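Got the viewer open and a free hand on the mouse? Here is a short tour, one selection at a time.

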Amino acid sequence: LSPPSRQRRGMMGLAFAPAPSRRLPEIEGTMWLDGRTFELKLVEFKFVNTSDLPDDAVANGEVHFEKLTNGAWVVRRWFLRLPYGGRASTPVTVSGATPNVFVRRVGYTLREEGGHVTTEAMLDQIQRAGLVGTVTDSLGSPLGGAVVQLSGTPYKTIADARGVYRLEGVMPGTFNVIVEHPAYRAFGVFAADAEVTLPEGLVSQLQLSAPRTRELRTRLCPSHSQAFDSADVRINLVDKAGRPVTFQMLRLTWSKVIDLSAAHVRSQVNYAERETDQYGGATFCGVPSQVVLPILLLDAERKRTVRADSVRLKDRELIAITVRSPEM
């Protein structure tokens, strides 16, 4: 049995988890039943045994059920939040030596999908709810033009110039609120997100604020320690029409002198590779600053690289840039 939280008041929880000996990625969660009728209301879960994620709780989901007047059951609402991550391969080549390859995990972004189902029978039984509030940036200024949406539902609105938003006529329940804005979309993250419970027949308030630079950096590069002579960059690859180029491998290269003597100079050539995600972006964490980093596109079929652009980063900088893809 799982004790109900404030949001699950009046429900009975039955927790489930994989067997202790299970080592493969699995799910654990709670089945929430009506405390009086014992009817199944929803199932919430999260992924476990996912060692590549710094926090298992970021990958989760919910399935909500509804009983119609004729006795039939439907899935009223569902959402699934999955991280989209990757790894950086850093081959290190020393003159006259066999190349070594170091593989390390880099940051991830969250991808949410879901659905919301309504029927006339359900509409007759339930009083609608509402949500109002403001959206601000990391400095507390209004984030006008931000899109506020209840994840996995058609309910969305746009914040005005004062950052004020309003959602009306919402089916009651517990939702993930996500906020999108071009300034943060460039980094592949939501401007803000939060969980909210909307009681039937009431209008709730929720103030939303965007993450500060330090929090944004932690979200993009969770396993990377920021050195003074390094920086983080998000590269958004677009075609001639400005559309995102997805699942294209990018490479940043740089050289570093590791041995300097009167007799010879020895250096190592490093590069980091990342594949653009579904939004056309790739995040490179902990690359050298104060040097020119060529941005190369890898053509696997022709086994060649094409230079698209270059970037020079400042110490400890976090920046998002847009690069136009050349003809391969």
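Select the whole protein chain: 43% of its 328 residues count as buried, where buried means under 20% relative accessible area, exposed means over 50%, and partly exposed is in between (1.4 Å probe, protein chains only). What you see is a predicted model, in which local features need pLDDT of at least 70 and side-chain atom pairs count only at pLDDT 80 or more, while totals for chains, interfaces and linings use all residues. Residues are numbered from 1 along each chain as its sequence is written, and side-chain values use heavy atoms, with hydrogens and water left out.

Now switch to a cartoon view. The chain has three helices and 23 strands; these are DSSP runs numbered from the N terminus, with helices being H or I over at least four residues and strands being E over at least two. Turn on the surface, and the accessible area comes to about 17,700 Å², with 52% of that belonging to carbon and sulfur atoms (Shrake-Rupley method, 1.4 Å probe; for residues, only the protein chains shown count as cover). Among contacts between residues at least 6 apart in sequence, 58% join residues at least 24 apart, a contact being heavy atoms within 4.5 Å.

**Stop one: the largest pocket**

Select M11, K41, R76, P172 and G173. Of the 29 residues lining the largest pocket, these are the closest to its centre. The space in this pocket is about 720 Å³. Pockets are found on a 1 Å grid over the protein atoms alone: a pocket is an open set of points with protein on both sides within 12 Å along at least five of seven lines, and lining residues have an atom within 4 Å of a point. Grid points are joined across faces, edges and corners, and the volume is the space filled by probe spheres set on the points.

Which strands each supply at least two residues of the lining? Colour β3 (40-48), β4 (60-67), β5 (73-84), β13 (173-180) and β14 (192-198) to see them. The largest share, four residues, comes from β4.

While β5 is coloured, click on P83, which is found in that strand. P83 counts as partly exposed because its relative accessibility is 25%. Add A59 to the selection: the two are 24 residues apart along the chain, yet their C-alpha atoms are separated by 6.3 Å.

**Stop two: rings**

Next, show the side chains of F45 and F47. The structure holds one aromatic pair, and these two form it, edge-to-face, at 6.0 Å centre to centre with 80° between the planes. (Rings of Phe, Tyr and Trp, the last by its six-membered ring, pair if their centres lie within 6.5 Å; planes under 30 degrees apart count as stacked, over 60 as edge-to-face and the rest as tilted.) Buried or exposed, how does F45 count? At 15% relative accessibility, F45 is buried, whereas F47 is partly exposed at 23%.

Then jump to Y271. R251 lies over the face of this ring, 3.9 Å from the ring centre; the rule asks for NZ of Lys or CZ of Arg within 6 Å of the centre and within 35 degrees of the ring normal.

**Stop three: strand β9**

Select residues 129-136, which make up β9, and pick out T134 there. T134 is partly exposed, with a relative accessible area of 26%. Leaving aside neighbours within four places in sequence, T134 is in contact with G163, V164, Y165, L206, Q207 and L208. G163 is 29 residues away in sequence but 5.1 Å away C-alpha to C-alpha.

A129 lies in β9 as well. At a relative accessible area of 5%, A129 is buried. Beyond its neighbours within four places in sequence, its contacts include E168, G169, V170 and P172. S204 is 75 residues along the chain from A129, with 7.9 Å between the C-alpha atoms.

**Stop four: two loops and a strand**

Go to F247, in the loop between β17 (230-238) and β18 (249-260). F247 is not a glycine, but has a positive phi of about 55°. Q290, in the loop between β20 (281-288) and β21, has a positive phi too, near 65°.

Last, select L293 in β21 (residues 292-299). L293 is buried, with a relative accessible area of 0%. Among the residues in contact with L293 are L252, W254, V287 and V311.

Conventions
On a 1 Å grid over the protein atoms alone, a cavity is a set of points where a 1.4 Å probe fits but cannot get out, and a pocket is an open set with protein on both sides within 12 Å along at least five of seven lines; lining residues have an atom within 4 Å of a point.
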